[in-house]
Amino acid sequence: MSRRFVVGISATTLVATATPALAGQTALPFPSSAFPLGARVAPVTKQLNVAPGIDLFTVRHGTSTQGWTVAVLMPNGHEDGALATAQRKAAEVEAAGFTPEIQRVVQPAAADAPAVERYLVRVGQWPFKQRAAADKVVKELKAFDIKAKADYLGDDGLESTGPWNLRVLTIDPRTFRGSFKTSIGKSIAKRETTSSMGKPLGAIAGVNGGFFNIHTVKEIKGDPMGISVVGGKLLSEAVEGRTGLVLNGRKVKITELKSALTATSSDGEKTEIHGVNRAPATDELVLYTEEFGTKTAADGGTEAVIDAQGRVVSARQAGGVVPRGFSVLHGTGLMSDWLLEHAAETATVKVDTKVIDLRTKRAVPLTPQTYVMAGGVGLVRNGRIHISALADGQASLNMMLRRHPRTMAGVTKNGGLILATVDGRVPGVTVGASMVEAAQLMRWLGAKQAINLDGGGSSAMIVRGKVVNRPSDGAERPVGDGLFVTP
């Protein structure tokens with residue numbers, strides 16, 4: 001028997017009012033224009049002066065009017081697929097006695113990737129308070145070996161009335177007298193919460209950093225997915241062309257970056273160093289610094305332990321600690337042979353490190369005041385939406401169109417820093433943002449350059465050591481690195 005689900009979702013009047021002008025001078029001008037998402041009216045805002053030049057804004061806008069559907073998963077486990085794949089899955093659902101709907105969606109175009117047509121298979125629709133009905137259908141489909149999930153329609157990245165719940169920090173360099181720093185916590189290898197990383201810095205405020213490598217071996221899942229420079233020291237190499245933040249004192253720059261490392265032995269031989277503080281692949285030379293925080297991989301390779309002057313103090317088989325004050329060159333395959341030939345004990349190996357700003361083609365000076373962080377995706381460039389999804393490895397329907405919690409950083413025309421989180425994955429309370437919506441929000445906040453950092457359950461903003469947003473995991477998630485405003 002065919003089972004049809006016919007329901008209605010009642011409309012809700014959207015009401016949003018602006019707060020009256022607040023006493024005191026704001027760190028940076030806060031937008032008085034209509035919120036860029038949902039109903040085009042001013043949002044509800046609340047302001048707190050954190051320190052001279054630093055203001056925290058709570059921004060709320062919109063009212064939930066959406067409910068639930070059942071999303072049927074494609075063979076690859078994703079919700080979307082090509083038309084032929086969706087048609088086959090819909091036929092499977094119909095054969096099980098349900099009435100599916102094939103829905104066409106378009107993955108938005110990015111600056112470096114075209115729009116992509118995708119298809120969803122969905123069953124039924126229920127008001128917000130009737131999730132149990134959607135869960136029941138998911139269970140019934142499972143009995144036919146059809147994987148599905150209850151899906152909140154506010155998450156799908158299409159039209160939404162919200163609600164949106166943001167925390168926004170504005171830092172004005174004309175008034176603020178501290179500096180901006182990044183941190184990888186106690187070590188590269190281990191993850192740590194944003195608030196924990198901020199404590200040793202005495203951070204006034206901060207947010208979680210860029211993506212970290214959840215697909216590597218469990219011992220080093222704190223490894224940043226891209227460049228990390230802390231106090232002028234390169235701790236993770238760049239993924240060439242990806243967007244990052246360059247910090248120096250109170251100055252902030254958002255640009256595309258690459259890094260280059262070479263090892264030159266005392267016999268004049270030179271070779272590329274392929275990575276820093278990460279798992280090595282075949283025929284690679286990887287540099288480990290004392291910040292690595294765990295043993296190197298015992299993968300049959302060769303290692304040279306090097307002191308601060310470049311002297312090789314010991315040659316050993318791979319798989320050992322990085323002594324404090326030393327670094328380790330780890331070679332596999334052909335690079336193991338290179339170390340055996342050119343980095344024996346009593347030799348010297350000079351390591352040369354460069355970070356290049358790809359917009360200016362100039363080297364970034366690596367001074368003790370230099371901090372660099374990889375982001376996730378470039379959002380705004382020279383005042384225009386410019387989403388570098390393909391270059392940043394995020395050109396998918398899930399990342400471009402679906403709404404998730406987001407953490408963003410932006411730079412204003414006068415060099416001010418904007419840090420923002422938009423909470424999500426709390427149906428009826430806050431829906432998060434798509435990548436396009438994140439870019440729209442940062443433009444609205446006044447960013448001329450902006451970048452998306454890690455999001456989802458990683459999104460966290462701290463002020464005076466306390467988490468001020470609502471992490472979607474229910475508590476702070478340990479992450480790879482963090483961005484901080486320090487005294």
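Which residues does Val-380 touch, not counting residues up to four places away in sequence? They are Ile-385, His-386, Ala-439, Met-442, Arg-443, Ala-447, Lys-448, Gln-449 and Ala-450, where contact means heavy atoms within 4.5 Å.

This is a predicted model, in which local features need pLDDT of at least 70 and side-chain atom pairs count only at pLDDT 80 or more, while totals for chains, interfaces and linings use all residues. Residues are numbered from 1 along each chain as its sequence is written, and side-chain values use heavy atoms, with hydrogens and water left out.

**Overall architecture**

The protein contains six helices and 31 strands; helices (H or I, at least four residues) and strands (E, at least two) are DSSP runs, numbered from the N terminus. Its C-alpha trace spans about 80 × 60 × 35 Å along the principal axes. The radius of gyration is 25 Å, which agrees with the value near 23 Å for a compact globule of 487 residues. This radius is taken over C-alpha atoms, and the globule rule is 2.2 Å times the number of residues to the power 0.38.

Of the 487 residues, 54% are buried. Buried means under 20% relative accessible area, exposed over 50%, and partly exposed in between (1.4 Å probe, protein chains only). The accessible surface comes to about 21,100 Å², and 52% of this surface belongs to carbon and sulfur atoms; such areas come from the Shrake-Rupley method with a 1.4 Å probe, and for residues only the protein chains shown count as cover. Among contacts between residues at least 6 apart in sequence, 72% join residues at least 24 apart.

The protein carries 57 positive and 44 negative charges, and their mean positions are 8 Å apart. Lys and Arg count as positive and Asp and Glu as negative, whereas His and the chain ends are not counted. Each charge is placed at NZ of Lys, CZ of Arg, CG of Asp or CD of Glu.

**Domains**

The domain assignment gives domain 1 (68-155), domain 2 (164-226 + 375-486) and domain 3 (259-354); such bounds come from an automatic or database domain assignment. The C-alpha centres of domain 1 and domain 2 lie 30 Å apart. In the contacts between these two domains, 21 residues of domain 1 meet 17 residues of domain 2.

**Selected residues**

The following table sets out four positions.

| Residue | Element | Relative accessible area |
|---|---|---|
| Val-380 | strand β24 (residues 377-381) | 2%, buried |
| Val-105 | strand β5 (residues 101-107) | 4%, buried |
| Thr-346 | loop between α4 (334-342) and β21 (349-357) | 78%, exposed |
| Arg-425 | loop between β27 (417-422) and α6 (435-444) | 40%, partly exposed |

Val-380 and Asp-423 are 43 residues apart in sequence, and their C-alpha atoms are 20 Å apart in space. For Val-105 and Gly-157, a sequence separation of 52 residues goes with a C-alpha to C-alpha distance of 9.7 Å. Leaving aside neighbours within four places in sequence, Val-105 is in contact with Val-116, Glu-117, Arg-118, Leu-120, Leu-158, Leu-397 and Leu-401.

**Backbone features**

Thr-346 has a positive phi of about 80 degrees although it is not a glycine. Arg-425, likewise not a glycine, has a positive phi of about 60 degrees. The peptide bond from Gly-162 to Pro-163 is cis, with omega near 5 degrees. Pro-163 is placed in the loop between β7 (148-152) and β8 (164-171).
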